[in-house]
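Q: Please take a close look at one part of this protein for me. I would like to see how that part fits beside the rest.

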Amino acid sequence: MSANTATTTPGKPSGSGSRIPKVPFWAQIVAGLVLGVLLGWLARGQDIGWLKDTLEQVGGIFVRLLKLAVAPLVFFAILVSITNLRKVNNAARLAGQTLLWFMITSLIAVAIGITIGLITNPGAGTGLTPKDGKAPENTGSWIDFLTGIIPTDVITPFTELNVLQIVFMSAVAGIAALALGEKAKPILTLSEAVLELLQKALWWVIRLAPLGTVGLIGFAIADYGWNLISKYATFTADVYIGCALVLFGVYPLLLATVAKVNPVHFFRGAWPAIQLAFVSRSSVGTMPVTQRVTERLGVPKEYTSFAVPFGATTKMDGCAAIYPALAAIFIAQIFDVQLGIQDYLLIAFVSVVGSAATAGLTGATVMLTLTLSTLGLPLEGVGLLLAIDPILDMIRTATNVAGQALVPVIVASREKILDHDAYTSATSSPIDEDESTASERKAAVPVPA
């Protein structure tokens, strides 16, 4: 061996050649948004059918890949999260506080939605009539919601992607595992391994988000066009303003007054999850990232592994609070139905109790039909909103995911288990596989009795 053999520094490329700079993930997403808008505008303006079809297929494949992991991911995430509670002192209190703050923030969000709807009258002057609507294929009712929780067999919920039934089965399995104690340890070890495998595969799908963005946004522009969107301008603005008020008004206020932490640090740490939620339009698909950023914000891993999966299937301030409140007012005005105080109270009740009907999937149609059926409004009104649903769903899901990270931070701070050093040092850098693997090896933040 030559005495002057070159040595290299670990982690640095050898040689004198310059290394191509890595494009930040957020920049890839923004580039996907811009490119999607341009391609969608081109496909519609020049009537390029093949380009429109290509955009539809690219976006559709990305969504299907996310949904492919939904059923097993929810099952094993809920099962493992419930069993992880045995490692946390005051687990029942933490679970109760989590549920309480889910309800409080949902009530605030639905109140904002109703207020905006009453002020702006989103259904007035649109030119839409009841004839423009049509009943959706999938609807929700309280009977279906209550009876549909319990599956008829263990296979159908996975093949039909009934997330609510999957949550029920995983919760039962988790509670049973807790009751069995040491006898269930092999099952828990297997479940944790499968969960890690699913999350690893989902990270690969998440890396395709910029391409998915091009397809989803591009097809939305090519298919709907600006003329259609302009008919819903007031309603669309209401949804975005309502979500923005919750996201950048209510949440920072709660962080500053209830959790007594700096809201800027929260948004800096939670940004990777909020960004991905906006693009993917799936709370469950974003769940691994949401869990990582929540841990990065200083919430103990054992508690995060319960609160985030629980929130991803039940905590929906955008889809289950702001949106159905505004949509109910919009549809009532189109169909010339007068809503009273009792109707607005019913909207609030449905938003708090029925939010699990959305179950973390793309879209909020089932939740909206549940709200309309409770109020006695025509379900045909749902058809009026399906055309622009993807545009609305981006900000709704971003709000959902921000709330799913917010509540664990609030509860952890109030229960004095939040790592404030980690919270203040959280960055907006993307979460990647390497960091997720490393976080598994870190010691958990101690939870006081």
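A: Val30 lies in helix 1, which covers residues 25-45. This is a predicted model. Is Val30 buried, exposed or partly exposed? Its relative accessible area is 40%. Buried would need under 20%, and exposed over 50%. Val30 is therefore partly exposed, because 40% falls between those cut-offs.

Val30 also belongs to a surface patch. Val30, Val34 and Leu38 make up this patch. The patch is nonpolar and has an area of about 250 Å².

Now set that against the whole protein. The accessible surface comes to about 20100 Å². Carbon and sulfur atoms hold 64% of that surface. The protein has 449 residues, and 53% of them are buried. Helix 1 belongs to a fold with 19 helices and zero strands. Take the contacts in the protein with a separation of 6 or more: 85% of them join residues 24 or more positions apart.

Next, compare Val30 with a buried residue. Leu339 sits in a loop between helix 13 (318-334) and helix 14 (341-353). Its relative accessible area is 16%. That value is under 20%, so Leu339 counts as buried. Which residues does Leu339 touch, leaving aside neighbours within four places in sequence? They are Ala328, Ile329, Ala332, Tyr344 and Leu377. Take Ala328 from that list. Ala328 and Leu339 are 11 residues apart in sequence. In space, their C-alpha atoms are 9.2 Å apart.

Aromatic rings add another view. The protein has nine aromatic pairs. One of them joins Phe75 and Phe76. Their ring centres are 5.2 Å apart, and the planes meet at 85°. This pair is edge-to-face, because its angle is over 60 degrees. Are these two residues buried or exposed? Phe75 has a relative accessible area of 17%, and Phe76 has 19%. Both values are under 20%, so Phe75 and Phe76 are buried.

Ring pairs also build a cluster. Its members are Tyr232, Phe235, Tyr323 and Phe330. Tyr323 has a charged partner as well. The charged end of Arg396 sits over the Tyr323 ring, 4.1 Å from the ring centre.

Back to the starting point. Val30 is partly exposed and shares a nonpolar patch with Val34 and Leu38. Leu339, by contrast, is buried.

Key
Residues are numbered from 1 along each chain as its sequence is written. This is a predicted model: local features need pLDDT of at least 70, side-chain atom pairs count only at pLDDT 80 or more; totals for chains, interfaces and linings use all residues. Side-chain values use heavy atoms; hydrogens and water are left out. Helices (H or I, at least four residues) and strands (E, at least two) are DSSP runs, numbered from the N terminus. Buried means under 20% relative accessible area, exposed over 50%, partly exposed in between (1.4 Å probe, protein chains only). Contact means heavy atoms within 4.5 Å. Accessible areas come from the Shrake-Rupley method with a 1.4 Å probe; for residues, only the protein chains shown count as cover. Rings of Phe, Tyr and Trp (its six-membered ring) pair if their centres lie within 6.5 Å; planes under 30 degrees apart count as stacked, over 60 as edge-to-face and the rest as tilted. A charge sits over a ring if NZ of Lys or CZ of Arg is within 6 Å of the ring centre and within 35 degrees of the ring normal. Patches are made of residues with over 30% relative accessible area and no salt bridge: like charges are joined within 9 Å, nonpolar side chains (Val, Leu, Ile, Met, Phe, Trp, Tyr) within 5 Å. A salt bridge is a side-chain nitrogen of Lys or Arg within 4 Å of a carboxyl oxygen of Asp or Glu.
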